[in-house]
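User: Got a model open here and want a quick tour. Can you walk me through it?

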Amino acid sequence: MKRNLKPYVLLLPVMLVILGIFVSGLVMALIQSLGYFPVVGLKDITLKYYKEVLTDKSFLSSLSFSLYISFTSSIIAIIVGILLAYSILRSNKKERMEQIVYKLPIIVPHAVAALLMYNVLSQSGILPRILYNMGIISSQSEFPSLIFDNRGIGIILAYVWKEIPFIAMVVYTILSNINDKLSEVALNLGANKRQVFFHILLPLIMPSVFSAFIIIFAFSFGAFEVPYLLGPTAPKALPVKAYIEYNNPDLTHRPYSMVINMSLTFISIILVWLYHKSFKLISKYDG
Amino acid sequence: MKKMKKRSLFFTVIMYSIIFLLLFPLVILFVWSFTKNWPWPNIVPKAFGLRAIKYVFSPTSKSLKTLLFSVWLSSVVTIITLFISIPAAKALGLYKFKGKRLFKLLILAPIIVPPVAVSMGIHVTFIRLGLANTFLGVVLMHIIPCIPYGVRILTNVFEIIGESMEMQARVLGANPYKTFFYITLPMISPGLVSAGSLIFIVSFSQYFTTFLIGGGKIVTFFMLMFPYIQSGDRMMASVYSLIFILTSLVLFVVIEKTVKAYYKAENYFYI
């Protein structure tokens with residue numbers, strides 16, 4: 001009996017924090033989103049806030065803006081990341097490149113990634129300066145605004161910059177652990193390198209790439225800093241919108257903010273579930 | 001044979017181009033930190049200077065004090081997180097039990113579920129408990145996103161080392177405390193160092209949680225840096241970012257060297 005309880009006892013401290021702060025934070029958000037906020041006299045449980053928010057045009061445009069940013073940046077990061085991993089593997093300077101790519105995303109936080117994009121892409125950034133000096137554009141204003149723009153180019157590129165090394169390291173680790181014999185057999189049987197890549201290596205890395213995709217998608221979907229720093233006034237990314245609603249001095253407005261938070265959470269819970277599924281896929285390949 | 005060489009040249013070019021695109025913005029950041037005057041449309045600054053750096057290091061700016069405070073806060077977070085992660089990792093790494101999958105998912109969830117929702121949800125409770133705007137409140141909030149990294153890395157370590165050594169010690173008459181301090185701790189210490197460095201950096205880079213729960217009373221280095229980025233003050237923002245990056249890098253390199261002395265640490269991914 002004592003032996004059976006041991007793992008639960010060992011997990012207790014971490015679970016106290018997870019349940020006490022993380023889960024109860026989400027539960028509190030849920031309760032407030034249902035209109036129960038006794039501090040300001042809201043005591044009726046109602047779905048009215050959900051109805052209002054979920055049919056609100058500005059909410060829907062924020063939701064699609066957030067989904068679009070996360071999806072686009074994650075797909076670009078995945079493609080470039082795989083390309084980078086594969087080319088490092090084929091190069092003869094593996095060690096040094098590995099080190100750079102591994103350290104980069106760890107030491108540079110998202111807000112700094114936003115600054116990097118601002119330094120390069122804004123209308124007074126280094127890129128328009130270079131184009132001007134090459135004679136491609138003749139004035140500052142000819143350069144399209146890529147920061148604070150409603151296509152979210154600046155936000156997307158900041159995420160891409162941050163996520164390429166992450167994807168590259170995930171893929172690189174798997175690629176370098178894949179038995180060379182598989183590729184050799186295929187080559188011996190007459191496959192060319194391209195065929196080996198698309199028919200042998202790609203299927204093997206796909207499950208891990210999928211779970212990495214989920215992680216970067218979820219992260220960029222729920223993160224506040226980058227869209228707050230580089231985003232347009234409209235549409236706003238969902239986390240930024242949630243914060244702006246939260247900041248409303250009228251506290252009876254609070255449930256609106258919490259409905260947005262619950263939408264963020266709901267989508268991320270679906271993503272956790274998908275992540276879980278992808279792990280089953282990975283273990284299938286391992287076996 | 002010739003064709004092979006051409007192919008590998010192709011991939012080398014691709015590799016260097018991507019690495020260049022990743023590093024180029026950092027070079028610009030570096031140059032901005034030492035710039036005095038850089039008007040449009042110059043590609044290189046008109047004049048270099050140390051104005052921004054001098055400001056950061058001047059006693060009136062409080063930046064160094066804040067940096068030290070941040071290091072202290074993140075160290076506290078690191079120690080507490082490691083402390084609670086060790087037993088959890090042991091449970092997940094060594095034992096089979098009911099609900100293990102659910103526990104694993106719960107521990108991973110803070111990476112995926114937006115911290116924005118969690119912080120706003122818990123804020124009122126923290127105000128009521130007197131934890132808002134306090135050091136302890138911010139530390140508690142930082143622990144949440146750190147747990148997934150701590151537990152996952154240490155779980156791998158426990159999976160590798162197994163339980164046999166501890167069992168031997170127990171059979172030979174060591175009590176649980178002795179077993180922990182003389183057997184378990186030395187065996188997991190390289191893992192502790194890499195988990196610790198990652199946790200430190202996660203805590204060091206927190207913005208929203210510190211901002212909301214700290215309520216402007218608890219000011220970390222990141223909080224000083226953020227307004228400069230927000231207002232587009234390139235010179236100041238670049239200097240602060242550079243100091244931030246260097247602090248993380250120094251910590252990271254020192255730790256990597258320490259860990260390599262034990263064994264070649266596996267790479268742990270961080271987003």
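Analyst: Sure. Keep in mind that this is a predicted model. Let's start with chain B, where the domain assignment gives domain 1 (1-49) and domain 2 (58-262).

User: How many Å separate the centres of domain 1 and domain 2 of chain B?

Analyst: The centres, taken over C-alpha atoms, are 33 Å apart.

User: And how many residues of each are in contact?

Analyst: 5 residues of domain 1 of chain B are in contact with 6 residues of domain 2 of chain B. On the domain 1 side, helix α1 (residues 2-33) of chain B gives the most, with 4 residues. By class, that side has 3 nonpolar and 2 polar residues, and no charged residues.

User: Switching to the chain contact. How many residues come from chain A and chain B?

Analyst: Chain A puts in 77 residues and chain B 70 residues.

User: Which helix gives the largest share of the chain A side?

Analyst: Helix α1 (residues 2-33) of chain A, with 15 residues. The class split for the side of chain A that touches chain B is 56 nonpolar, 15 polar and 6 charged residues.

User: OK, the core. Which residues touch the most other members of the largest nonpolar core?

Analyst: A114(A), M117(A), A158(A) and I167(A) do, in a core of 163 residues. Helix α7 (residues 153-177) of chain A supplies the largest share of this core, 15 residues.

User: Why does this core lie between domain 1 and domain 2 of chain B?

Analyst: Because domain 1 (1-49) and domain 2 (58-262) of chain B both give residues to this core.

User: Back to A158(A). What is it in contact with, leaving aside neighbours within four places in sequence?

Analyst: A158(A) is in contact with A113(A), A114(A), M117(A), V226(A) and L230(A).

User: What does UniProt list for residues 63-275 of chain A?

Analyst: The UniProt record, an unreviewed entry, lists "domain: ABC transmembrane type-1" there. In the model, residues 63-275 of chain A are 77% helix and 0% strand. The end C-alpha atoms of that stretch are 21 Å apart.

User: Last one, helix α10 (residues 221-231) of chain B. Which residues are buried?

Analyst: The buried residues of that helix are F221(B), F222(B), L224(B), M225(B), F226(B) and I229(B).

User: And what follows α10(B)?

Analyst: G232(B) comes after α10(B). The phi of G232(B) is positive, near 75°.

Terms used. Residues numbered from 1 in each chain as written. Chains lettered and ligands numbered in written order. Predicted model: local features only at pLDDT ≥ 70, side-chain atom pairs only at ≥ 80, totals over all residues. Core = buried A, V, L, I, M, F, W, Y, C linked by C-beta atoms within 7 Å. Buried ≥ 20, exposed ≤ 12 C-beta atoms within 10 Å, placed from the backbone. Helix = DSSP H or I, 4+ residues; strand = E, 2+ residues; numbered from the N terminus. Domains from an automatic or database assignment. Contact = placed C-beta atoms within 7 Å. Nonpolar A, V, L, I, M, F, W, Y, C, P; charged D, E, K, R; others polar. UniProt positions renumbered as here; feature names shortened; annotations may be inferred.
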